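Reader: I have the model open and want to know what stands behind each label. Can we take them one at a time?

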Amino acid sequence: MPNCHKILPNFEFSEQEIKDAVKNHRLLSMEVEFSLRCNFHCQYCYVPDKATFENELSFEELRDAILQAKDLGVKKIIVLGGEPMLYPHIFKMLKFIREENLDIEMFTNGFGITPEAARQLAELEILVVLKINSRKEDVQDALAGKKGAYKVIQDAFHNLKHAGFAAKHRLGVSSIICQQNFEEIIPMWEWLRQENIEPYFEIITPQGKGKDNEWLHVDLHKLKETFFKIAEIDRNKYGIHWDPQPPLVGIKCLRHQFSCLLNSQGYVLPCVGINIPVGNIRERKLADIIKESEVFQELRNYRLHIKGPCRQCEKIDNCYGCRGAAYQMTGDYLASDPLCWNNTERQSEIVHLPAPVHKLIPQQAPMQIIDTLVSIGERTANINVTISNDMLFVRDDGTLDETAYLELIAQSIAAQAGFKQSGITGQAIEGFLLGAKNLEILGSAHIGDTLTISVLKYARFGDFGVFKGKIFKNQELLAQGEVKVWEDRKT
């Protein structure tokens, strides 16, 4: 019987280890991009075609970041890409990580895995995860966006097997589930089980090229049926029991409780799907970034903050769907997962950004003078308003009175806070404006102008928050200032 399911159910970490990581702002694993350079053009890749390779971390910067991660409790480094084997210092970096007694998982398309490279990877005891989306040459080449990709992958597979992978050393295969390989998914799973290879099968996150290429995506009902069929095969043939849930086949994705992504430019993100930078290791220590990030803390305590149907799901203790899919499709990393089959009939209950603010703030017409919450991020929000002739604060000459600028910032802060509660209590957070300082009026707005209000919470003391607000007309800065508020968070 294959023993390849060692990694189930939570990426090799116990429930107690994960609880301790959440409580103490620590990490158990970290995903790292050495570089975004890649020789394939996969049609489902999260990296956009116009990705930049400038300003990538040096070897020394990567080394320091990994040591910081180790100090935070990291036991495993997960190497992503681009294609890791294109990184010029790949074996030097892998050897350094192993010398620090950290485990390594490396996802690769197989390029550069010669017999000698496979031997070195085996000596380093690295879990190599080879990207095989099809066992048909034409399908594999089409999905990889490169003629000859199939041969590259097959040569790498042969070399890895010859070096003892799957027999003496762990070997994985990563596959996305799409229309083009859908009929192969179940046979591939069984083949991998028989070969003692660890399968990493997942639903495509609608991001980057995966979002643009809608022809890849599979109907949710078919996905559900396939997940349950594979679970039955594992249970009946191999004695492996797991509860089907998206986005990964056979594995629970709770990575945001104990992991993070360090991208090639030094930014720390929750994962590749939630591409919200919460800090940069060139500017702050990794420990400070993890501890002080509101995005991280809300994801780690997701039971308190998740919204909509997922909040009411009976599986909430062990599942929150795909946070990346939720963020990419709704603009909200705490929204219910629109790609979970349990939410198929409840899509109307999932709030998407941009969203009107009338249910998010206590102000009502005519006092409500902002229109739409456009986006949220790490302590940030962007709100739009179009100046109309019947708006409060509009003068007879059609210009916006300067007293409106402070109110625009205050209402935008309320919209940011109200959105955090939407789908949880059904009520806007009550708050009070305590004061403002350094308010500068630098321009004017007229009827018909669309303004963008950007707010950033840069300090918080209990229920008190200090915000910076900026108001723009196109790229022109019209006003800016600092506001202190009190918010009632007992709800």
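Reader: What is the bridge partner of Ile 78 in β3?

Author: Glu 105 is the partner. This is a predicted model: local features need pLDDT of at least 70, side-chain atom pairs count only at pLDDT 80 or more, and totals for chains, interfaces and linings use all residues. Residues are numbered from 1 along each chain as its sequence is written, and side-chain values use heavy atoms, with hydrogens and water left out.

Reader: What makes β2 and β3 a pair?

Author: Pairing requires at least two bridges found by DSSP. Four bridges join β2 to β3, so the two strands qualify. They run parallel. The strand labels are DSSP runs (E, at least two residues), and helices are runs of H or I with at least four, both numbered from the N terminus.

Reader: And how do β5 and β6 pair?

Author: Over six bridges, in the parallel sense. Ile 176 has Glu 202 in β6 as its bridge partner.

Reader: What order do the strands take in the open sheet?

Author: Nine strands run β6-β5-β4-β3-β2-β1-β7-β8-β9, with mixed pairing.

Reader: Why do β6 and β9 stand at the edges?

Author: Each has a single partner strand, so one side of each lacks a neighbour in the sheet.

Reader: How many of the residues of β6 are buried?

Author: Five of the six, so β6 is largely enclosed by the rest of the structure. Buried means under 20% relative accessible area; exposed means over 50%, and partly exposed lies in between (1.4 Å probe, protein chains only).

Reader: Is Leu 67 buried, partly exposed or exposed?

Author: Leu 67 has a relative accessible area of 24%, so the label is partly exposed. Leu 67 is in helix α2, residues 59-71. Its C-alpha is separated from that of Asn 318 by 30 Å, and the two are 251 residues apart along the chain.

Reader: Why is Asn 55 called exposed?

Author: The value is 56%, so Asn 55 passes the cut-off. Asn 55 sits in the loop between β1 and α2. Its phi is positive, about 60 degrees, although Asn 55 is not a glycine.

Reader: Which residue takes a positive phi in the hairpin of β11 and β12?

Author: Arg 379, near 65 degrees. The hairpin has three residues between the strands. Four bridges join β11 to β12, so these antiparallel strands count as a pair. Ile 376 faces Ala 381 in β12. On β10, two bridges lead to β11, again antiparallel. There Ala 355 stands opposite Leu 373.

Reader: How do you know that there are zero disulfides?

Author: The search covered the whole structure and found zero. A disulfide is a pair of cysteine sulfur atoms within 2.5 Å. For Cys 42, the nearest cysteine sulfur is that of Cys 38, 6.0 Å away, so Cys 42 is in no disulfide. Cys 42 counts as buried, at 13%. Cys 178 is in no disulfide either, as the nearest cysteine sulfur, that of Cys 42, is 11 Å away. Cys 178 is buried too, at 0%.

Reader: What is the volume of the largest pocket?

Author: About 1100 Å³. The 49 lining residues include Tyr 46, Leu 80, Lys 131, Glu 202 and Val 272, which are the closest to the centre. On a 1 Å grid over the protein atoms alone, a pocket is an open set of points with protein on both sides within 12 Å along at least five of seven lines, and lining residues have an atom within 4 Å of a point. Points join across faces, edges and corners, and the volume is the space filled by probe spheres (1.4 Å) set on them.

Reader: Which element gives the largest share of the lining?

Author: β6, with four residues. The lining divides into 28 nonpolar, twelve polar and nine charged residues. Asp, Glu, Lys and Arg count as charged; Ala, Val, Leu, Ile, Met, Phe, Trp, Tyr, Cys and Pro as nonpolar; the others, Gly among them, as polar.

Reader: Where are the cis peptide bonds between Gly 81 and Gly 82, and between Pro 246 and Pro 247?

Author: Gly 82 lies in the loop between β2 and α3, and omega is about 0 degrees for the bond from Gly 81. Pro 247 is in the loop between α9 and β7, with omega near 5 degrees for the bond from Pro 246.
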